[in-house]
Amino acid sequence: MTLVNEKNVIIYQLKVFRRDVVTILTKVGFTIDALYPLGDFSRFVVYDLPNYNMNNNFSALIESGKNLLPSMDLVLHIAYEEPFDVRVRAMGDLGIFLVSCKRTEISQTIVEPIICRLKLLASTTGLVPRDTYSSYITHNPTDALRTFTGDQSEVGFIRQHQKSDEAIKPAVDRMLLLQEEPYREDRFDLLRSVISSLKVLKEENAAVHKRVDPIFFMTCFRNYFFPIEIDGQLYNAPSGV
């Protein structure tokens, strides 16, 4: 057997081994709550993290979150076995914790396990390894809302963006119909409907920033929107307007 063939055999064996490991690990019995996919860690993000951020209590935030960090087995199960929205929500929980930690000087030994879990989930969602618009707005459930501060200005900001999403959805659906069949008989009606939806979207977007108190934004909320660096790559914060 030539050296090239031996190399190809080794690569194939490694791929089979990785597949088998994933298969074994994802068969571990996990019961996933779609609202809190990472269990106690998700609950910490929803109920405790905002208060720590508002009070700049970094040491308690980091220590509490670090102790509740989900196992890699659980993250692996979510990455390969759970629906897209659950995976995105798990990424959002890890991501908003990472952003909160990076507001202060923090050891790489604490950051690395968070990033490792984010990268695993990112590999199955196609999203960047941090919290994104998808987690912060689109798949952020109203009955377990993820926020950076918990302030009503931020809650209003998120919900206003969600209204914008709702406003644009009919337009997207109609444009997809036209893309599939551009000369359909009702094309002008569909285009008028698209224009109407875009007008609503413009009004909703104009209302987004009115929901945020300027003093609150400058003193606290703006900290959420700085980009973060992971392995030398800058990733921007969720943004919709």
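Colleague: Which residues are linked with Asp33 in a network of salt bridges?

Modeller: Good place to start! Keep in mind that we are looking at a predicted model. The general idea is that side chains of opposite charge can pair when their charged atoms come close. Here, Asp33, Asp40 and Arg43 are linked in such a network.

Colleague: How do I read the pair Arg43 and Asp33 within it?

Modeller: Look at the distance, then at the place of each partner. The side chains of Arg43 and Asp33 meet with 3.8 Å from N to O. Arg43 sits in helix H2, while Asp33 is in the loop between helix H1 (3-26) and H2; with ten residues separating them, the pair links distant parts of the chain.

Colleague: Are Arg43 and Asp33 buried or exposed?

Modeller: The answer falls in between. Arg43 counts as partly exposed because its relative accessibility is 32%. Asp33 is partly exposed too, because its relative accessible area is 34%.

Colleague: How many salt bridges are there in the whole structure?

Modeller: A search finds nine. One of them joins Asp93 and Arg146, whose closest N and O atoms are 2.8 Å apart. Asp93 belongs to helix H6 and Arg146 to the loop between H8 and helix H9 (152-180), so this bridge ties together parts that are 53 residues apart in sequence. Both of these residues are buried.

Colleague: Where do Asp189 and Arg192 lie?

Modeller: Both are in helix H10, three residues apart, which is about one turn of the helix. Asp189 forms a salt bridge with Arg192, with 2.6 Å between the closest N and O atoms. Asp189 counts as partly exposed because its relative accessibility is 47%. Arg192, with a relative accessible area of 52%, is exposed because the cut-off for that word is over 50%.

Colleague: Let's turn to nonpolar side chains. Which residues form a nonpolar patch on the surface?

Modeller: They are Met175, Phe188 and Leu191, and together they have about 280 Å² of accessible area. Leu191 is placed in helix H10 (residues 187-208). It counts as partly exposed because its relative accessibility is 37%.

Colleague: And Phe41, is that residue buried or exposed?

Modeller: Phe41 counts as buried, because its relative accessibility is 0%. You will find Phe41 in helix H2 (residues 40-47). It also shows how sequence and space can be read side by side: Phe41 and Phe97 are 56 residues apart in sequence, with 9.6 Å between their C-alpha atoms.

Colleague: How many cavities of 30 Å³ or more are there?

Modeller: The count comes to one, and about 40 Å³ of space lies in it. To read a cavity, look at its lining. Here the lining residues are Gly92, Ile96, Asp131, Ser135, Tyr136, Arg146 and Tyr224. Helix H6 (84-101) and helix H8 (133-138) are the elements that give two or more residues to this lining. By type, the lining divides into three nonpolar, two polar and two charged residues. You have met Arg146 already, as the salt-bridge partner of Asp93.

Colleague: Stepping back, how many helices and strands are in the protein chain?

Modeller: There are eleven helices and two strands. Read along the sequence, the pattern is α-α-α-α-α-α-α-α-α-α-α-β-β.

Colleague: What percentage of the residues count as buried?

Modeller: Of the 241 residues in the chain, 40% do. Phe41 is one residue that counts as buried.

Key. Residues are numbered from 1 along each chain as its sequence is written. This is a predicted model: local features need pLDDT of at least 70, side-chain atom pairs count only at pLDDT 80 or more; totals for chains, interfaces and linings use all residues. Side-chain values use heavy atoms; hydrogens and water are left out. Patches are made of residues with over 30% relative accessible area and no salt bridge: like charges are joined within 9 Å, nonpolar side chains (Val, Leu, Ile, Met, Phe, Trp, Tyr) within 5 Å. Accessible areas come from the Shrake-Rupley method with a 1.4 Å probe; for residues, only the protein chains shown count as cover. A salt bridge is a side-chain nitrogen of Lys or Arg within 4 Å of a carboxyl oxygen of Asp or Glu. Helices (H or I, at least four residues) and strands (E, at least two) are DSSP runs, numbered from the N terminus. Buried means under 20% relative accessible area, exposed over 50%, partly exposed in between (1.4 Å probe, protein chains only). On a 1 Å grid over the protein atoms alone, a cavity is a set of points where a 1.4 Å probe fits but cannot get out, and a pocket is an open set with protein on both sides within 12 Å along at least five of seven lines; lining residues have an atom within 4 Å of a point. Grid points are joined across faces, edges and corners, and a volume is the space filled by probe spheres set on the points. Ala, Val, Leu, Ile, Met, Phe, Trp, Tyr, Cys and Pro count as nonpolar, Asp, Glu, Lys and Arg as charged, and the others, Gly among them, as polar.
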